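Work through the exercises below with the sequence and the structure at hand. Try each task before reading its solution.

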Amino acid sequence: MNNSLVVYNSIKGKKEIFKPILPKNVGMYVCGPTVYSNVHLGNCRTFISFDLIFRYLLHLGYKVRYVRNITDVGHLENDADEGEDRISKKARLESMEPMEIVQKYTLDFRKTMAKFNTLPPSIEPTATGHIVEQIELIKKIINQGHAYEVNGSVYFDVIKFNKTTQYGKLSGRKIEELIHNTRVLDGQSDKINPQDFALWKKAEPEHIMRWPSPWSVGFPGWHLECTAMSQKYLGTQFDIHGGGMDLKFPHHECEIAQAESVHKKKPVNYWLHANMLTLNGKKMAKSTGNNILPYEMFSGQNNIFNKAFSPMVLRFFMLQAHYRSIVDISQIALEASEKGYNRLVAGIETLEEISGSSTTKGLKLNAWKKDCYNAMDDDFNSPLLIAHLFDAVKFINGVSSNKYQISFQDLEELKEIMNSLFKDVLGLKRDKNKAITSERIQLEGTVSLLSDIRDKLRASKDFETSDLIRNTLLKLKIQINDTKDGSSFKIN
Ligand code: AMP
Ligand code: ZN
């Protein structure tokens, strides 16, 4: 255990020393996916960020209860209280039962996260499995005078709550601004004020996901499930709550209001928010179509990148950025990460081959180890940790070329530290990937040679042979394109 871990607490807007409620235990809740479609790579980034945090806490010796829910009801199309339930809509469009949709995409999510070598959470509760808890929580909020019922639906009274407890402290929004910015109710809504949010909604006849409650046959609001499930498994006050930056408002703000209205204390000590993955400079999102799916990256079958990237290269690419920074994915950045990843793996392999000697020259092992841990202790700074691992790789290569030396004892220690930081903390693996990349390198080299030969054939006007090469490659799904600047190729 160490006492020097510092985390950036979003609700305070600054870094703080991490001190869990119980000295050796950590309770962490992270908002999970809404399982109505395949997770895109942006979603994966958030879950990989929290996997890094989970792994480092475990590495420090904490016993962590990591709860990550599955949203399988209540998340409406527009993130607010209107529109169709995302899962019901997909079920309707695909002529399937809502629970078939939930099962299909939950399995996809787990399979994808396993490919990225993320550890499963300790508990993975579903919203539909906790309807009873959500109804009980609504009753308590009503009893405290913070919610009201209209026509079978129940709404949280934001204005009234704000009279005694500040609403907006996480996202920094002021109630006056919210009132100013939200549109006036059009008379269709049952809400007293447009800022209010649904705790329970009466189901329209066509709404297929429905449960009985004291107010109506209906379904719970999206924000409610996370309050009900986090307090059930972690208590009414727990250590860490995480999620993507885009969930700060309204989702997490509403979670705080729900919990504080009943328990009169802050539900969470540290709010951690992971930043977004962007594509072409814009947030990757399901709704805009600006996204790419993990398996499209692994197979290379997409129109955005001209080659496949393995799960470990993608994980490494994401960890090369700090979890609170925005990352834009691009061919150039991914290729650089692939090279870096291969260099790191090669370094670890060389480390197994080098032999020790009487003394160490070229590395101050203790100082280097301290730098590695200082990086992670400073709000999980994985890019800085990776930079230190590269320093070690330089040293290892130096030992291999007899420029530096390492003592027998330091060699054993360096092996242990490198492996545990690479495998346990960063969650990287070096299995199949290397074989894939070396085959790929051979393939690309061969195609590049054929392409050069073809250019020569074309220059000497041997179009028959040059077409033979091009058409044969095309049958193998390798496409050669001739441009005025020369030829390029794409391997599908
Ligand atoms: P959802 O399934 O829409 O509830 O989202 C699941 C998680 O993915 C949430 O924590 C979101 O904040 C996160 N997320 C959505 N889009 C992105 C993105 N482009 N980059 C990183 N995280 C994202
Ligand atoms: Zn949530």
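**Exercise 1.** Find which residues coordinate the zinc ion (ligand 2), and describe how these donor residues are spaced in sequence.

*Solution.* Step 1: in this predicted model, the zinc ion (ligand 2) is held by the SG atoms of Cys 31 and Cys 226 and by NE2 of His 251, at 2.0 to 2.2 Å. Step 2: written as a sequence pattern, the donors follow C-x194-C-x24-H. Step 3: Cys 31 lies in the loop between strand 3 (25-30) and helix 1, whereas His 251 belongs to helix 8 (residues 248-263). These two are 220 residues apart, and the pair links distant parts of the chain.

**Exercise 2.** Decide whether Cys 31 and His 251 are buried or exposed, then determine how many residues of helix 8 are buried.

*Solution.* Step 1: buried means under 20% relative accessible area. Step 2: both Cys 31 and His 251 are buried. Step 3: in helix 8, 12 of 16 residues are buried, so the helix is mostly covered. Step 4: the buried residues form a list that includes His 251, His 252, Glu 253 and Val 262. Step 5: just after helix 8 comes Lys 264, with a positive phi of about 60°.

**Exercise 3.** Describe the largest nonpolar core and what contributes to it.

*Solution.* Step 1: this core has 107 residues, and Leu 41, Ile 329 and Trp 368 are among those with the most contacts inside it. Step 2: helix 1 (residues 41-59) gives the most, 10 residues. Step 3: domain 1 (20-274) and domain 2 (278-425) each supply at least three residues. Step 4: another core, of 22 residues, lies apart from it and includes Leu 137 and Ala 228.

Methods:
Residues are numbered from 1 along each chain as its sequence is written. Chains are lettered from A and ligands numbered from 1 in the order in which they are written. This is a predicted model: local features need pLDDT of at least 70, side-chain atom pairs count only at pLDDT 80 or more; totals for chains, interfaces and linings use all residues. Side-chain values use heavy atoms; hydrogens and water are left out. A nonpolar core is a set of buried Ala, Val, Leu, Ile, Met, Phe, Trp, Tyr and Cys residues joined through side-chain atoms within 4.5 Å. Buried means under 20% relative accessible area, exposed over 50%, partly exposed in between (1.4 Å probe, protein chains only). Helices (H or I, at least four residues) and strands (E, at least two) are DSSP runs, numbered from the N terminus. Domain bounds come from an automatic or database domain assignment. Donors are N, O and S atoms within 2.8 Å of the metal (3.2 Å for Na, K and Ca); water is not among the atoms, so sites may look incomplete.
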